[in-house]
Amino acid sequence: MVDYGLKDRVVIITGANNLWGIGATTAFAFAREGAKVVLVYKKVDRPFDATKMDRNGVDRYYGANAGNADAVESKLKEMGADYIVLESDISNEDDVKNVYSIVLEKYGQIDVLFNNAATDDETGCDTIETITQKVIDDTFAVNVRGSILMTREFINHRGDYGRIINISTDASQIFAGQITYGASKATLEALTRSIALEVAQYGITVNCVSPGPTQTGWIDDEFEKVVLPLIPMGKLIQPDDIAETVLFLASEQARMITGQVIKVSGGKAL
């Protein structure tokens, strides 16, 4: 087994209340390596049918994101992990500063930031003919402003070790039907490269993981039939696939990798 050198590193992960999601799965992976994990999440208020949460689909996905992080925290307890769970709005500057204050008070350092939190529009208004100001503002508030604010505070409280990992989507460059979401992720990829150059002088790396269709609870059987033909490797990406990539980018072994956007997509969107 690879030793990533992450024992006792302090890791902040945003968007981590979905037990089947990338954030939670990555938190478990870091905890397995002996890291101290800080989960930051915000409940997402979207309609769902609780009777359908026993199977994959939008109801399971929205239901998981509408709740708190109790299920994730329970698993971390079982693992014997050292962790903090915080409900916070990363699009709000004061909330972001408060997150860092709490983490520094308890742990005295922050070594890794995983900007995983994201939002999109579920109303069908994310096309050029139907787009609204609210959709634009809400999407960029979390996906871009929130990630920038979390990154700024990380840099301003940097220690002797620094890894920042952002998350995009393999469709960021062409996302017809979700133009604002795609644009926000393309922006995050551009920020990854620019910030990497700015903070290289501190020995901090900044990279971005770009997943393909990932089974975080939202892909039902019918939609799976639609997306599988688009994936050359013939199977859905799993949250573990993303988590293992994030672990590597956070490791000592990845010390000279920075400013990169890495697709974890099974060959989709190449």
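User: Where is the place of D8?

Analyst: D8 sits in the segment before β1 (10–14). Note that this is a predicted model.

User: What makes the phi of D8 worth a remark?

Analyst: Most residues other than glycine have a negative phi. D8 is not a glycine, yet its phi is positive, about 70 degrees.

User: Why is D8 called partly exposed?

Analyst: Its relative accessibility is 41%. Buried needs under 20% and exposed needs over 50%. D8 meets neither cut-off, so it counts as partly exposed.

User: What is the phi of A269, and where does A269 lie?

Analyst: A269 has a phi near 65 degrees, a positive value in a residue other than glycine. A269 lies in the segment after β7 (261–264).

User: Why does A269 count as partly exposed?

Analyst: The value for A269 is 38% relative accessibility. Partly exposed is the class between under 20% and over 50%. Therefore A269 belongs there.

User: How many salt bridges does a search of the whole structure find?

Analyst: Twelve. Side chains of opposite charge can pair when their charged atoms come close.

User: How do you know that R32 and E244 meet in a salt bridge?

Analyst: The N to O distance for R32 and E244 is 3.2 Å. The cut-off is within 4 Å, so the pair qualifies.

User: Which parts does the pair R32 and E244 tie together?

Analyst: R32 lies in helix α1 (residues 22–32), and E244 lies in helix α8 (residues 239–250). The pair therefore ties together parts that are 212 residues apart in sequence. R32 is partly exposed at 42%. E244 is partly exposed too, at 31%.

User: What makes D138 and K134 a salt bridge?

Analyst: Their side chains meet at 2.5 Å, N to O. The limit is 4 Å, so D138 and K134 count as a salt bridge. Both lie in helix α5 (residues 133–156), four residues apart, about one turn of the helix.

User: Why is K134 called exposed, and D138 partly exposed?

Analyst: K134 has a relative accessible area of 58%. Exposed means over 50%, so K134 is exposed. D138 has 36%, which is between the cut-offs of 20% and 50%, so D138 is partly exposed.

User: How do you know that R163 forms a salt bridge with E252?

Analyst: The closest N and O atoms of R163 and E252 are 4.0 Å apart. The criterion is within 4 Å, and the pair is listed as a salt bridge. R163 lies in strand β5 (residues 163–167) and E252 in the loop between α8 and β7, so the pair ties together parts that are 89 residues apart in sequence.

User: Is R163 buried or exposed, and why?

Analyst: R163 has 3% relative accessibility. Buried means under 20%, so R163 is buried. Its partner E252, at 37%, counts as partly exposed.

User: Which residues do salt bridges that share partners join into one network?

Analyst: R32, E33 and E244.

User: Which residues make the nonpolar surface patch?

Analyst: W218, F223 and V226 make a patch of about 250 Å². V226 is in helix α7 (residues 221–227).

User: Where is A118, and which residues does A118 touch?

Analyst: A118 is in the loop between β4 (112–115) and α5. Leaving aside residues up to four places away in sequence, A118 touches V142, N143 and K185. The C-alpha atoms of A118 and N143 are separated by 5.0 Å, although the two residues are 25 residues apart along the chain.

User: Why is A118 called partly exposed?

Analyst: A118 has 38% relative accessibility. That is neither under 20% nor over 50%, so A118 counts as partly exposed.

Methods. Residues numbered from 1 in each chain as written. Predicted model: local features only at pLDDT ≥ 70, side-chain atom pairs only at ≥ 80, totals over all residues. Heavy atoms only, no water. Helix = DSSP H or I, 4+ residues; strand = E, 2+ residues; numbered from the N terminus. Buried < 20%, exposed > 50% of the residue type's maximum accessible area, 1.4 Å probe, protein only. Patch = residues over 30% accessible without salt bridge, like charges linked within 9 Å, V, L, I, M, F, W, Y side chains within 5 Å. Areas by Shrake-Rupley, 256 points an atom, 1.4 Å probe, with all protein chains shown as cover. Contact = heavy atoms within 4.5 Å.
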